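Student: I should like to understand this structure through a few questions. May we take them one at a time?

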Amino acid sequence: ANVHRGLHELSNRATDAYELARKKVAAYLGAESDEEIIFTRGTTEGINLVAQIWGAHFLKPGDVILLTEMEHHSNLVPWQMAAQRSGATLRHVPITDEGELDLSQLDRLLTPEVKIFSFVHVSNSLGTINPASELCQKARALGVTTFVDGAQSAGHMPVNVQELGCDFYALSGHKMCAPTGIGALYGRRELLEKLPPW
């Protein structure tokens with residue numbers, strides 16, 4: 001039975017199971033509430049949703065989108081498109097010869113013009129584990145929204161979005177032994193409330 005679409009017993013059971021899954025994802029990510037969890041088809045869809053919906057509301061000419069040079073196309077192309085639509089520009093935190101973020105460049109790149117800093121938690125190609133909580137803390141101090149691509153981290157390490165201090169965090173279920181086509185997007189409640197219904 002379809003969830004949220006019927007009053008009969010099977011629909012009620014399906015809805016209860018669906019919402020229980022949302023509560024489990026919220027608990028797994030350390031979210032404050034299950035209302036902060038949006039089901040998607042995977043990390044890529046979560047990034048696209050934020051780039052399109054959040055980007056349409058908050059990006060304008062002269063703004064900057066900050067990424068890193070180690071981003072997967074899923075966390076690059078949606079932001080390139082958001083920049084084209086809004087007139088914002090892109091900046092990239094470089095990587096060192098050792099395959100880590102060159103944090104010596106961060107203060108030069110993470111400035112008040114930056115509206116969103118979107119970065120991978122764990123690189124799919126380098127295996128680098130980025131200091132996500134440190135990056136989110138520096139961004140938040142400047143009023144910059146953060147998006148953490150958790151496709152590679154959520155299934156391999158404990159994740160607590162409140163401890164990370166991120167505004168958005170996306171994951172793919174198929175990288176965590178779930179069926180293909182299931183993912184989740186965490187969005188901090190105060191931020192979601194400023195957007196139209198998803």
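Student: What radius of gyration does the chain have, and why does it agree with that of a compact globule?

Tutor: This is a predicted model, and the chain has 198 residues. For that number of residues, a compact globule would have a radius of gyration near 16 Å. The chain agrees with this expectation, because its radius of gyration is 17 Å.

Student: Which pattern do the helices and strands follow along the sequence?

Tutor: The secondary structure comprises seven helices and seven strands. Read along the sequence, they give the pattern α-β-α-β-α-β-α-β-α-β-α-β-β-α.

Student: What share of the contacts joins residues at least 24 apart in sequence?

Tutor: The contacts considered are those between residues at least 6 apart in sequence. Of these, the share that joins residues at least 24 apart is 63%.

Student: How many disulfides does the structure hold?

Tutor: A disulfide requires two cysteine sulfur atoms within 2.5 Å. The sulfur atoms of Cys 136 and Cys 166 lie 5.3 Å apart, which is too far for a bond. The number of disulfides in the structure is zero.

Student: Is Cys 166 buried or exposed?

Tutor: A residue counts as buried when its relative accessible area is under 20%. Cys 166 has a relative accessibility of 1%, and therefore Cys 166 is buried.

Student: What part of the exposed area do carbon and sulfur atoms supply?

Tutor: Buried residues make up 47% of the chain. The chain exposes about 10,000 Å². Of this area, the part supplied by carbon and sulfur atoms is 52%.

Key
Residues are numbered from 1 along each chain as its sequence is written. This is a predicted model: local features need pLDDT of at least 70, side-chain atom pairs count only at pLDDT 80 or more; totals for chains, interfaces and linings use all residues. Side-chain values use heavy atoms; hydrogens and water are left out. Helices (H or I, at least four residues) and strands (E, at least two) are DSSP runs, numbered from the N terminus. The radius of gyration is taken over C-alpha atoms; the globule rule is 2.2 Å times the number of residues to the power 0.38. Buried means under 20% relative accessible area, exposed over 50%, partly exposed in between (1.4 Å probe, protein chains only). Contact means heavy atoms within 4.5 Å. Accessible areas come from the Shrake-Rupley method with a 1.4 Å probe; for residues, only the protein chains shown count as cover.
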